Structures are given as structure tokens and as C-alpha cells.
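Thank you all for coming; I would like to take a few minutes to walk through one model with you. Please have the sequence and the structure open while I talk.

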Amino acid sequence: MKRIHTTLLLWLFMAVTQMAIGQTLLKGNVQSITNDLLVGVSVSVIGTTIGIASDANGDFELLVPSGRDSVRFDYLGYKPLTMAMTAGKMQVVLEEESKMLEAVQVAGFAGAVGQARRRAESVQQIPESVVTYTTEHIEATGITNFQSFANQVPNVSYATSQNIGVNFINIRGIGQIRNGDSPVAFLVDGVTIPDPNLVNQELFDLAMIEVVKGPQGTLYGKNAIGGAVNILTLAPTNNFRHKLKFGVGNGGYLGGQAVSSGPIVKDKIYYRVAGTYKTMDGLLTNTFLDRKVDYYEDLSLRGQLKFDFSTRVSLTLAGQYSDTQGGATYSGHSPTGVELDPNDFNYVIDANVFGESELTNSFASARLEWNLGNMKFQSITSYNKADRNHAGDLDFISLDILRQDQLSNSKSFNQEFRLGSHTGSSKIEWDLGVQYQQSERDLITNAYADFGYFLNPPMPFDTLFLSNFVEPKPVSDFTNTYNTFAGFAFATWHATDKLDVSAGVRIDNDNIKQDNRNEGFVYEKTDTEVQPKVSLAYDLAQHMLLYANYGRGYRSGGYNAQVTSLFDAEYAGETSNNFELGLKTSTADRLFIFNVAGFYVDFKEQQQFAVALGANGLKMGNYNFPESKVYGFEAETQIRTSRYLDVLAGFGLSKSEIIDGGFAGSTDRTVYDGNNAPYVPQSTANVAFKSNFPISDKVQFLGFVNFSLKGKIYWHENNADVSNPYSLLDSRIGVSIMDKYEIFVWGANLGDTQYYQEYGDGQLTGSLAGDTVWPGQPRTVGVDVAVKF
């Protein structure tokens, strides 16, 4: 056996060596004279058709055939540069064209680069609906979390409720249920974050945010049924860079950020450390306690170490820690009765228990990259641990009748091995790999009651007992364990100069186990899902791409804490068949960009959440609509009206319809057939103005204003409660001095628009407060000051 292993290793070494003969791996980084990273720079080997674009960190790598030793760099608004290849990592500096500096000519939008297919590509050439934001846009617009960029992306919305970590993401009509998986794969530096509680974590020191719509399970794995969100942090640098930032605002807001990056050993070992801190007293008042209830405090720290062992082998180690605390269970209700219309904002928060929640997260990853001649090998290993808890009121009124607390902890391990071709080096680009993921999630929920209030007449005991109103035990006490093995392959064939054909498949084997300590049972099942993806992309003309794609999506099912009249012990995994047709176009000078896409989703076993509080206790769990459909479209445009003003706009329409409501527990939901699925904004839109112009030789004005609109929302499958559309106005305006100092004034929801992020019909939930609401955040304003050195 040992001889066989030795022979195989020798064969692999010889094969890799043979592949590398006659080719040189070229790696480098592109910056401007002012040390700004340049994203989307065209890097081409002179005398060949080989080329690539620099990625979100300005990096590039490509294989150069024997006999070729010159490389050309082209970037809109900058002077073209031709350089001879050098050993080691090339450091390329581009100079802005003089006619641009003199404002004689308006430069178009730089080529946006995304990594939707796990490799750096021009967004305008990716046959998917993709939105990317670079460091420049992220900082100019003040993006700090998922919620702050969702308002800029058509058919994407975000809401929160109850406590820190409860998120509701909706993308193209595919939503997220309470205590359920996100509809998008959420990745930080290529590493999947499986815990949905962590989606709205603080985002800082970023190179890129990318939103990919449509099922992405083939490349990203299960639960990417609606799309994927890629977060790329800024990488360690080979020269020293530092940044400090401080901010103040209303509601007692204070914030700070620190970043440091540089070489430990020049050209070999680099570091990057970043941290952010925020605290806020809050803006919403509990009138009974006379306290602000939406307080928030977060400390997040991140560190990276990168080792370049050679031009072919590198290792990046990363770790992150965060501790987030905030208000919880401050649902509002009518001050005069039990009914509150979802468009009536005369609500009161008067619970007698002050709600508190906390979410701590520890994350570590190791990424090994090894260039093997014509292909690249990657190993990604990660571990994630998150602890979440909250405690607060359950009746949401000033009487001490009901209380609650919940513990929701998770830990996960992920290992992925990937082998793929280099981008831009051949007519066929391919990736294949295997992945193993183990995830454990605890959910322990307690309800406490003063039973005296339920006597006739009421006789409060002034003592609360742990109970689900039947026997003294938690409402839920279980651990769900997921063990997933997957294999995948994906390839793109550049069939002609105009036609690309892409196809891939992923097979997930998903073992789901629940240790239900409340019921004394252990449930277990195994699902095997095949997720194929096919796309065609055709250049109708220069700068005009027509594409069509089909993909199948999958989101895991699971088990409920107990069987009730509302749901069964088990809920099924979701599957979807998605069809998309799109057009991407721009003018030759890239002063105008317009993209549009239409989609149709055949949805099976769409997951829903139910909760009720009644005589038999607190009940919460998930169930399925056996069949539903989603259809709609989105359009986006970017217009550079002058050297100093950009107009960005988008519109999205999503229609989600229940075809078969099915049966769950003893509840017949076929009566809802033909209704709109709940929690889906029917439309989204935004118009933004972005400006950048010199005030003097040393002072630059920077401004961003975004007006966003969210359409009506049906809150329940009966469609009885509907919120009207509402709009938000956000802005960030300031100056940059000598490219070193920055001062910004910012505001979110400047019009102080009132809106609800969640609405509960008291007749359906059994809440003692009647109809309950989770209010949106009021107007926030502040000032940030930053220095780079």
C-alpha cells in the first residue's frame, strides 16, 4: 500500500511539472499613483489573446506562454502601460491621463469586476444578474451592514425583529423565515458563513460587496436558493497603510474604526488588522419603563496573515471576533385596544420587562492556494461559533403576565477542496471540487407565566413559573445537526468570439438529525439533492450581451419542536426551478450602462413560519406550501452625466403566488390558493446621485444621496393585512483633504418615515396585546472623521 501511495505521488509530481513546462505564472497588483487599488484593469499578454481583469483587491494572475515577455495594462481614464515581465509579484502603478486631470474629457465607469462564478470576471460579461460595489463606493455611500446596502439593490430587502440576529432577507420573492436558513449563501473572503444569525454583522475594511441573484447552489452549496452575497475584505498589503475613523450621532451614537496593514517580511509575509466599535442609546422609548429600548453596542475585530511561499504557493490565515448587544422584544401595539392597522403608526411600546439580547461570534479560516501549471488548487478550512441569547417580555403589555428567554447557539466546520483552470488562459474554464460541512444549532426557548391571570376572575399570583402551560418544561429544547457532503463541477466554453456556453452540477447529501430533549425523541433523515445549472451568453453587438440561464435551488428542511395543529414534526426542504433571461448593455465610452432581467421560479415546498400563544401554550414551528411560483423582473442603470455627477437607478418587481397551500398539522391552507405569499415586497426601487469634484487642488467634494422605495407587503397568507409602500432617504456628504483626511456628514431615513419591519395579527398569534408591530428605525444623523497614513 505504501508503494502505491508513493507511486501516485510521484505520478502527480511529474504531471504537474509537465504542465508547468513552457509557461510562466504572472502575478501582480495594480494601483494608482495615489495608492488607490484599481479594480477591473485589463491585463493582457502582448501577441496573444490571453487576458484577465484585476480583482477587487487590484490583484491579477495569469499564465503566460513561452516566448512572451510583455504585458499591457489598460484602464479607462488612465494611460495605457506596457511592461516587461519580472520575477516575483509585479507592482504596477498607472497614471491618470492628462486630459482627464484637466477635465477635457469625461471618463466612463471603470469596468466592474465580480466573482459570481468564483473567479474574477467583468460583471457585464457574467450571464447572471449581479451587483458589485467596490471600496470606493462602499466608503462613499457609508455601507456598514447588509441592511445599509439592500436599499440600493433591486428585488433585495432586509428587515429585523425580536432581537439581535433575527433577520428577514428577501431576494426575488424568496424569503427567510424565523429560525430558518437564509435564502442566500453568505460568504466572507470565499468562506461560507452557515449561521443565518450572522448575516447582518458589521461590515468594515472591505474590498467588495457582490450580490448575485438566482440560485447559486452549484458553486456555493445548499441554501443559496435565492442567490449569494460575497463579501471580500481588503487584503494584507506589501506596503504600510493605516486608517483611523471616529464618529458621533444622535441617539447617543459613538463609533470608531482602526485599520493597519503592511509587510512583516517584504514580499513574503503580510498582515492586516482591523476593528470597529459602535454604541447607541437608542431612539424608541418604552413609555412604561421610560427607557430607550433599541440600544445597540458592537465590537468587531479581524486579523489576517498572508504567506507568499513562492509565486505559486500562498497561505492566508484569518480570524474574527464580534460581540453585539442590543434591545429585544420591544414589540409595539395599539394604545387603545387590540386592533392596529399595518398602516396606522399610532402605536405604543409599554412592556414591563426590558428586553436584552447578545450575539457573540468567533470565526477562523485557513486558505491555501497552489498553482499547478494549467490549474489552481485551493483548500479552504473554517470554523465558526456563535452564541445568541435574549430575554424579555412575551405579552408586550405593562402587566407582568408572560416572559420569555431563548438561547440559540451554533457551531460549524467547513472543508472545501477545489481544482480549477486559470481565467483567460484557454477556451474552456472549469472548476470542480468537494465539500464537507458540519453544523450544530441549539434552540432552547422558555416561557414563564403568572397563571393567576388566566383564572376567572383573574387572581395574579405575582409569581411566574416556567411552563408551556401544560407541564413545567421549555417550549423547545433541541439540537439540530447537519452533516453535508457535496461534489460539484462547473465549466464555461468560449465556443466563439460571441458565444459562451456554461454548465455545471452539484450533488448534496444532507443528513439532518434532531435531538429533541423536550419530547425525548431523536429524528433523522437524509436528503440527496442535485442542483444543475446551464447558461448561454451571446454578444449581440459590442457591449451588448444577451443571456439565458436555468438553475435548480435547494434549501434544507428540518424538524419542529413538537407536533401541533399548525405544523407537523417535520418540514420539507425547498426546491426551485429557476429560469432567467437578461440583457446587459453599455455605450462604448461606458458613460451609460443598462441591465435588465426577467425571471420565473417554480417553487416546491416553500417554507413558512407559524407562532401562536393560546390556552395550550406557546407554539412555534415551520410548515410548507407544496407549490408556489415567483415571477418578476429588474432593471438597473448607471449614467455619468458629467465628470462630477453619476445617476444610479434600479427597479424590481417580484410577485410570489401560492398555488397549493397544502395541509400541515390539522390546518387546511388550500383556502389560501391564489393568494400572495407573505413577507414579500411587491416592488423595490431606488434613485441615487453620486458626486465627486475638486473644490481646490487639495480638497475634493464627495456626495451621495439615495432615495429608495419599498412596495406593499402582505403579512399573512390570508392577505388580510397589507402595508402600503414607503420610501426612505439616505445621504452621505463630505470632503477629502489631500487624499488623507475625510470629514462626512451622514443621515439615514432623513424624512423620518414610519414603517413596520414585521406585523403580527393578534387573532392569528393569540397575543395578549392584540396586533403587534416591530417599528423601523427612525431618522439617524451623524458626523464621521477619518485619517489615512
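Let me begin with a term: by a cavity I mean a set of grid points over the protein atoms alone where a 1.4 Å probe fits but cannot get out, and by its volume I mean the space filled by probe spheres set on those points. Please keep in mind throughout that what you see is a predicted model.

With that definition in hand, a search of the whole structure finds 10 cavities of 30 Å³ or more, and the largest cavity holds about 1100 Å³ of space. Its lining is made up of 42 residues, and those closest to the centre of the cavity are Asp 55, Gln 115, Arg 367, Glu 369 and Lys 376. If we sort the lining of the largest cavity by character, we find 13 nonpolar, 15 polar and 14 charged residues.

The second largest cavity comes to about 370 Å³, and 29 residues line it, with Asn 179, Gly 180, Leu 443, Phe 478 and Asn 480 lying nearest its centre. Here the lining divides into 9 nonpolar, 14 polar and 6 charged residues. Which strands supply at least two residues each to the lining of this second largest cavity? They are strand E27 (402-421), strand E28 (428-449), strand E30 (476-494), strand E37 (592-614) and strand E38 (617-642), and the largest share, 4 residues, comes from E30.

Let me now turn from cavities to sheets, starting with an open sheet of 5 strands in the order E10-E15-E16-E13-E14, whose pairing is mixed. At its edges stand strand E10 (129-134) and strand E14 (191-192), each of which pairs on one side only. Within this sheet, strand E15 (residues 206-213) and strand E16 (residues 227-233) run antiparallel and are joined by 7 bridges, and if you would like a place to look, Met 208 stands opposite Leu 232 in E16.

Further along the chain, strand E43 (residues 699-710) pairs with strand E46 (residues 726-737) in the antiparallel sense over 12 bridges, with Gly 703 opposite Ile 733 in E46. E46 also pairs with strand E47 (residues 741-748), again in the antiparallel sense, over 7 bridges, and there Arg 732 has Trp 746 in E47 as its bridge partner. The hairpin of E46 and E47 has 3 residues between the strands, and in it Met 738 takes a positive phi near 55°.

There is also an open sheet of 3 strands, in the order E24-E49-E48, with antiparallel pairing. E24 and strand E48 (756-760) each have a single partner strand, so one side of each is left without a neighbour in the sheet. E24 and E49 are joined by 2 bridges, and His 333 has Thr 772 in E49 as its bridge partner.

His 333 leads us to Asp 350, which is found in the loop between strand E24 (332-333) and strand E25 (356-372). The side chains of Asp 350 and His 333 are joined by a polar contact of 2.7 Å. Is Asp 350 buried or exposed? Its relative accessibility is 15%, and because buried means under 20%, Asp 350 counts as buried. Leaving out residues up to four places away in sequence, Asp 350 touches Asn 286, Thr 287, Phe 288, His 333, Phe 396, Ile 397 and Ser 398.

Close to the other strand of that pairing in sequence, Gly 770 lies in the loop between helix H6 (762-765) and strand E49 (772-775). Gly 770 has 5% relative accessibility and therefore counts as buried. Setting aside its neighbours within four places in sequence, Gly 770 is in contact with Val 338, Gly 760 and Gly 762.

My last residue is Asn 170, which sits in strand E12 (residues 167-171) and, at 5% relative accessibility, also counts as buried. Its side chain reaches the backbone nitrogen of Gly 173 at 3.1 Å. Not counting residues up to four places away in sequence, Asn 170 touches Asn 155, Val 156, Ser 157, Gly 175, Tyr 679, Val 680 and Pro 681.

I will stop there and take questions.

Methods. Residues numbered from 1 in each chain as written. Predicted model: local features only at pLDDT ≥ 70, side-chain atom pairs only at ≥ 80, totals over all residues. Heavy atoms only, no water. 1 Å grid on protein atoms, 1.4 Å probe; cavity = no way out; pocket = protein on both sides within 12 Å on 5 of 7 lines; lining within 4 Å. Nonpolar A, V, L, I, M, F, W, Y, C, P; charged D, E, K, R; others polar. Buried < 20%, exposed > 50% of the residue type's maximum accessible area, 1.4 Å probe, protein only. Contact = heavy atoms within 4.5 Å. Polar contact = N/O pair within 3.5 Å; in protein donor to acceptor, adjacent residues only side chain to side chain. Pairing = 2+ DSSP bridges.
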